[in-house]
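Hi there,

Here is the structure I promised to pass on to you. Please open it next to this email and look up each residue as you read.

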Amino acid sequence: MAKKSNQSKTLPIFILNGPNLNLLGTREPEVYGYTTLAQIEKMCAAQAATHGLSIVFRQSNHEGEIVDFLQEARTGASAVILNPAGYGHTSIAILDSIQMLKIPLIEVHLSNIHKREPYRHHSYVSRGATGIVMGLGAQGYLRAIDAIGEILKDSK
Ligand code: DQA
């Protein structure tokens, strides 16, 4: 059952990106594709607009800054899309921040982490996520926005 939002739908979706995602486009493109993070941001803004929603799009290479963003989302966001990148596999602190949220959170991975190295198969974030999209490349962010559009519409 999706987490219901009790926050205003006029608040933006926070789209948060973890370490090394600033290098998308040139970082192992055979795994992560050629689309840059700036291009993903533009695509997300356009997709959110089709649902009457807005976004705040951020990236950080620092675990604590991602914790800060998630704390800010408690009162500042209608929903969160999080690609935790490498921190998904290691960070209990990020999971703790997610578990304080009362809004939907969709975990996104560009690659299918289950097809990859065994150390990528477990994600702490998944335990706190409403849903997960993986393996669809940059399109995954758009599908996560669509899911949030539906969840927020259903919680009217
Ligand atoms: C990733 C998958 C992670 O295993 C990796 O550490 C990343 C990106 C993805 O989007 O496929 O940095 O989250």
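Below is what I found, starting in the interior and then moving on to the ligand and the charged side chains.

One thing to keep in mind throughout is that this is a predicted model.

**The interior**

A good place to begin is the largest nonpolar core, which has 27 residues. If you want to find its best-connected members, colour Ile-13, Ile-15, Ile-40, Cys-44, Ile-81, Ile-106 and Tyr-141, as these have the most contacts inside it. Several parts of the chain come together here: strands S1 (13–17), S2 (55–59), S3 (79–83) and S4, along with helices H2 (37–50) and H5 (139–154), each supply at least two residues of this core. Which of them gives the largest share? That is H5, with seven residues.

Ile-81 is a nice residue to click on. Leaving out its neighbours within four places in sequence, Ile-81 is in contact with Ile-13, Phe-14, Ile-15, Leu-16, Ile-106, Val-108, Tyr-141, Ala-144, Ile-145 and Ile-148. Apart from the largest core there is another one, made of 18 residues, and among them are Leu-16, Phe-69, Val-125 and Ala-129.

**Around the ligand**

Next, please turn to the ligand. The residues surrounding it are Arg-27, Tyr-32, Asn-83, Ala-85, Gly-86, His-89, His-109, Leu-110, Ser-111, Ile-113, Arg-116 and Arg-120.

For three of these residues, I can give you a distance between an oxygen atom of the ligand and an N or O atom in the side chain:

- Arg-27: 3.0 Å
- His-89: 2.7 Å
- Arg-120: 2.9 Å

How much of the ligand does the protein bury? Taken alone, the ligand exposes 330 Å², and the protein buries 97% of that.

His-109, one of the residues around the ligand, belongs to strand S4 (residues 105–109). Is His-109 buried or exposed? Its relative accessibility is 5%, so His-109 counts as buried. Not counting residues up to four places away in sequence, His-109 touches Asn-83, Pro-84, Ser-123, Val-133, Met-134 and Gly-135. You will recognise Asn-83 from the list of residues around the ligand.

**Two backbone angles to look at**

Some background helps here: most residues other than glycine have a negative phi. Two residues in this model have a positive value instead.

The first one to look up is Ala-85, whose phi is near 50 degrees. Ala-85 sits in the loop between S3 and helix H4 (92–99), and it is also among the residues surrounding the ligand. With a relative accessible area of 11%, Ala-85 is buried.

The other is Glu-28, with a phi near 35 degrees. You can find Glu-28 in the loop between S1 and helix H1 (29–32). Glu-28 has 37% relative accessibility, so this residue counts as partly exposed.

**Salt bridges**

The model has five salt bridges in total. Arg-116, Glu-117 and Arg-120 are linked in a network of them. Glu-117 pairs with Arg-116, where the closest N and O atoms are 3.8 Å apart, and also with Arg-120, where the closest N and O atoms are 2.7 Å apart. What about accessibility? Glu-117 counts as partly exposed at 30%, whereas Arg-116 is buried at 18% and Arg-120 is buried at 17%. The two arginines, Arg-116 and Arg-120, are both in the list of residues around the ligand, so do look at this network and the ligand in one view.

Another salt bridge joins Arg-143 and Asp-146, with the closest N and O atoms 2.8 Å apart. Where do these two sit relative to each other in the helix? They are three residues apart in helix H5, so about one helical turn separates them. Arg-143 is partly exposed, with a relative accessible area of 34%.

**One last residue**

Finally, have a look at Gln-39 in helix H2. At 41% relative accessibility, Gln-39 counts as partly exposed. If you would like to practise with the distance tool, try the C-alpha atoms of Gln-39 and Pro-29: these residues are 10 apart along the chain, and the atoms are separated by 14 Å.

Enjoy exploring, and write back with any questions.

Best wishes

Methods: Residues numbered from 1 in each chain as written. Predicted model: local features only at pLDDT ≥ 70, side-chain atom pairs only at ≥ 80, totals over all residues. Heavy atoms only, no water. Helix = DSSP H or I, 4+ residues; strand = E, 2+ residues; numbered from the N terminus. Buried < 20%, exposed > 50% of the residue type's maximum accessible area, 1.4 Å probe, protein only. Contact = heavy atoms within 4.5 Å. Core = buried A, V, L, I, M, F, W, Y, C linked by side-chain atoms within 4.5 Å. Near = heavy atom within 4 Å. Polar contact = N/O pair within 3.5 Å; in protein donor to acceptor, adjacent residues only side chain to side chain. Areas by Shrake-Rupley, 256 points an atom, 1.4 Å probe, with all protein chains shown as cover. Salt bridge = Lys/Arg side-chain N within 4 Å of Asp/Glu carboxyl O.
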